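Open the model in your viewer and keep the selection panel handy. We will go from stop to stop, picking something new each time and looking at what surrounds it.

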Amino acid sequence: MKKLIHPIAGAIALLTIAAFWLSTALSELIGSKEVVIAVKTAIPWGFFLLIPALAATGGTGFSLAKGRKAGLIAAKLKRMPLIAANGLLVLIPAALFLASKAEAGEFDAAFYGVQALELIAGATNLVLLSLNMRDGYRLTRRLKARAKAPQP
C-alpha cells in the first residue's frame, strides 16, 4: 500500500505547489486586482490538501527507505529537511501574510517583497520535489539513469 500512496501523495503535493506558483505568477502578470485577491485568499485553503499530501509522502518515504541511507535515498533524505523548512518557515507564513494583505487591498512594497520571496521559495520547492520524484522513479526503475558518455 505504501508503494501506491507514496507516489500519488508526492504527485498531489508537487501539482498543488505548481498550481499555487502558476496561479500566483499568472494573476500578477495578467490578472486584475480582483483576480490577485481571489488567488491569494484561496491559496491558504489549499493547505488542507497540500499538508496531508506532504505528510503522507514523507511518512511513506521514510517507511519505504527501511533505514537505508545511501545513494539515491540519501539524496532524497537530504532534500526533505530543506523542503519542509522552506514550506514551514517561508511559504506558509508568506501565503498567510499575502492573503491578509490582499484581502485588505494593501498592495504595497511589503506585499510585493514577500510575493517575490514566495515565488523564489516556491520555485525552489518545485525543483527539490521534482528531483525527489526523479530519484524515486530511478529507485523503482521506472526511469533509467542516463548512461555516461564513454571515456576516450
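## First stop: a buried lysine

Select Lys101, which is buried, with a relative accessible area of 11%. Here buried means under 20% relative accessible area, exposed means over 50%, and partly exposed is in between (1.4 Å probe, protein chains only). Before going on, note that this is a predicted model, in which local features need pLDDT of at least 70 and side-chain atom pairs count only at pLDDT 80 or more, while totals for chains, interfaces and linings use all residues. Residues are numbered from 1 along each chain as its sequence is written, and side-chain values use heavy atoms, with hydrogens and water left out.

Now add Glu106 to the selection: its side chain meets that of Lys101 in a salt bridge (3.1 Å, N to O). The term stands for a side-chain nitrogen of Lys or Arg within 4 Å of a carboxyl oxygen of Asp or Glu. Glu106 is partly exposed, at 37% relative accessible area. Add Asp108 as well, since Lys101 also forms a salt bridge with Asp108, the closest N and O atoms being 2.8 Å apart. Asp108 has 32% relative accessibility and so counts as partly exposed.

Elsewhere, Arg79, Arg134 and Asp135 are joined into one network by salt bridges that share partners. We will return to two of these residues below.

## Zoom out: the whole chain

Show the cartoon. How many helices and strands does the protein chain have? There are four helices and zero strands, and the pattern along the sequence reads α-α-α-α. These elements are DSSP runs numbered from the N terminus: helices are H or I with at least four residues, strands E with at least two.

Along its principal axes the C-alpha trace spans about 55 × 45 × 20 Å. Of the 152 residues, 33% are buried. The chain exposes about 9400 Å², with carbon and sulfur atoms supplying 71% of it; such areas come from the Shrake-Rupley method with a 1.4 Å probe, and for residues only the protein chains shown count as cover. Taking contacts (heavy atoms within 4.5 Å) between residues at least 6 apart in sequence, 76% join residues at least 24 apart.

## Into the core

Select Ile17, Phe20, Ile43, Phe47, Leu50 and Leu129: of the 14 residues in the largest nonpolar core, these touch the most other members. Such a core is a set of buried Ala, Val, Leu, Ile, Met, Phe, Trp, Tyr and Cys residues joined through side-chain atoms within 4.5 Å. Helix 1, helix 2 (33-65), helix 3 (71-103) and helix 4 (109-139) each supply at least two residues of this core, and helix 2 gives the most, with five.

Center on Leu129. Leaving aside residues up to four places away in sequence, Leu129 touches Leu14, Ile17, Leu54 and Ile83.

## Along helix 4

Color helix 4 by burial. Its buried residues include Phe111, Gln115, Ala121, Leu126, Asn132 and Gly136, and the buried residues of this helix pack against helix 1, helix 2 and helix 3.

Pick Gln115, buried at 3% relative accessibility. Beyond residues up to four places away in sequence, Gln115 touches Thr24, Glu28, Lys40 and Leu98.

Next pick Asn132, also in helix 4 and buried, at 6%. Again not counting residues up to four places away in sequence, Asn132 touches Ala75, Lys76, Arg79, Met80 and Ile83. Measure out to Leu72 if you like: the C-alpha atoms of Asn132 and Leu72 are 8.7 Å apart, with their positions 60 residues apart in sequence.

Now show Arg79 and Asp135, whose side chains meet in a salt bridge (2.9 Å, N to O). Arg79 lies in helix 3 and Asp135 in helix 4, so the pair ties together parts that are 56 residues apart in sequence. Are these two buried or exposed? Both are buried.

After helix 4 comes Arg141, with a positive phi near 65°.

## Last stop: a surface patch

Switch to a surface view and select Met1, Leu4, Ile5, Ile8, Ile12 and Leu49, which make a nonpolar surface patch of about 580 Å². Patches are made of residues with over 30% relative accessible area and no salt bridge, with like charges joined within 9 Å and nonpolar side chains (Val, Leu, Ile, Met, Phe, Trp, Tyr) within 5 Å. Helix 1 (residues 2-30) gives the most to this patch, with four residues.
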